[in-house]
Amino acid sequence: MASCCQLLHGQEIDFPINQWKDKLSVKEDFVQKNFMEVYYGIEAYDSLHQCMALDKLREKLGDGNIRYQLRFDLLHFTFTTRTAHCMDTTYDYAGVLQKDLRTCYELEDDLLAAQINEALSWVYEIKNELGQSIMYMTSGKEIREKVGLEKFGQNASEFLRLGDLLYKARDYEEAIANERKAILYKGKTP
């Protein structure tokens, strides 16, 4: 009995890369609406295709669009830390995000600066450097409050996270104040 084998190639996925790039390239992305649409768009794929989608987005970086670069770095960090897929252990997240933060300040882009401060807080929390984590989280919170909380999403969870960090640092009074803000925060929904 003869058997025959046929090599089947996986179906090529046509990612909406140009749409995602446009969403990440906007000057102002209030409540991170566009950013989260891209994030959830990538998350909908299986882990192999998620990494492929990030690689295809990375290929579009060379066109000089600085906000696209900043949001891509933020997306890459957010995606890999939330899902652990496509994690590159040699990638210097702290160095990349600190450079991006300086760029945000040069652009006077407070929306992105707040988000990147909060991402840096995660980086340092992962590294178990509590003081650095609190510093970046506090900077992010101050920018949020200066710009207006209505322009950001997830305010309650960010106050809660800062409260948790401050509690770990034994700054109980500030921890309670921030956790209270988290509990009482209503945003646009009752």
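**A nonpolar surface patch, salt bridges and ring contacts**

I would like to begin at the surface, where Y167, Y172 and I176 together form a nonpolar patch with about 350 Å² of accessible area. Patches here are made of residues with over 30% relative accessible area and no salt bridge, with nonpolar side chains (Val, Leu, Ile, Met, Phe, Trp, Tyr) joined within 5 Å and like charges joined within 9 Å. The accessible areas come from the Shrake-Rupley method with a 1.4 Å probe, and for residues only the protein chains shown count as cover. A salt bridge, for its part, is a side-chain nitrogen of Lys or Arg within 4 Å of a carboxyl oxygen of Asp or Glu.

Before going on, please keep in mind that this is a predicted model, in which local features need pLDDT of at least 70 and side-chain atom pairs count only at pLDDT 80 or more, while totals for chains, interfaces and linings use all residues. Residues are numbered from 1 along each chain as its sequence is written, and side-chain values use heavy atoms, with hydrogens and water left out.

Of the patch residues, Y167 lies in helix α8, where helices (H or I, at least four residues) and strands (E, at least two) are DSSP runs numbered from the N terminus.

Let me stay with that helix and turn to charges. How many salt bridges does a search of the whole structure find? The search finds 11, and I will take you through three of them.

One of these joins E125 to R161, with the closest N and O atoms 2.9 Å apart. This pair links distant parts of the chain, since E125 is in helix α6 (residues 110–126) and R161 is in helix α8 (residues 155–168), 36 residues apart. Is R161 buried or exposed? R161 is buried, with a relative accessible area of 10%, whereas E125, at 24% relative accessibility, counts as partly exposed; the cut-offs are under 20% relative accessible area for buried, over 50% for exposed, and partly exposed in between, using a 1.4 Å probe and protein chains only.

Further along helix α8, the side chains of D164 and K168 meet in a salt bridge, at 3.4 Å from N to O. These two residues are 4 apart in helix α8, and so they are separated by about one helical turn. In general, an α-helix has 3.6 residues a turn, so residues three or four places apart point the same way. D164 is partly exposed at 32% relative accessibility, and K168 is partly exposed as well, at 45%. Salt bridges that share partners join E125, R161, D164 and K168 into one network.

R161 has a further contact, in that R161 lies over the face of W122, at 3.8 Å from the ring centre. A charge is taken to sit over a ring if NZ of Lys or CZ of Arg is within 6 Å of the ring centre and within 35 degrees of the ring normal. Elsewhere, the charged end of K21 sits over the ring of Y68, 5.4 Å from its centre.

The third salt bridge takes us to helix α2 (residues 33–43), where E37 and K33 are 4 residues apart and therefore separated by about one helical turn. Their side chains meet at 3.0 Å, N to O, and E37 is partly exposed at 32% relative accessibility. Which residues of α2 are buried? They are N34, F35, M36, V38, Y39 and I42, and the buried residues of α2 pack against α1 (17–24), α3 (47–59) and α4 (66–83), with contact meaning heavy atoms within 4.5 Å.

Now to the rings, of which the structure holds 8 aromatic pairs. Rings of Phe, Tyr and Trp (its six-membered ring) pair if their centres lie within 6.5 Å, and planes under 30 degrees apart count as stacked, over 60 as edge-to-face and the rest as tilted. F15 and W20 form a tilted pair, 6.2 Å centre to centre with 35° between the planes; F15 is buried at 7% relative accessible area, and W20 is buried at 6%. F159 and Y185 form another tilted pair, at 6.4 Å centre to centre and 55° between the planes, linking helix α8 to the segment after α9 (172–184) across 26 residues. In that pair F159 counts as buried at 5% relative accessibility, whereas Y185 is partly exposed at 28%. Finally, F15, W20 and Y45 form one aromatic cluster.
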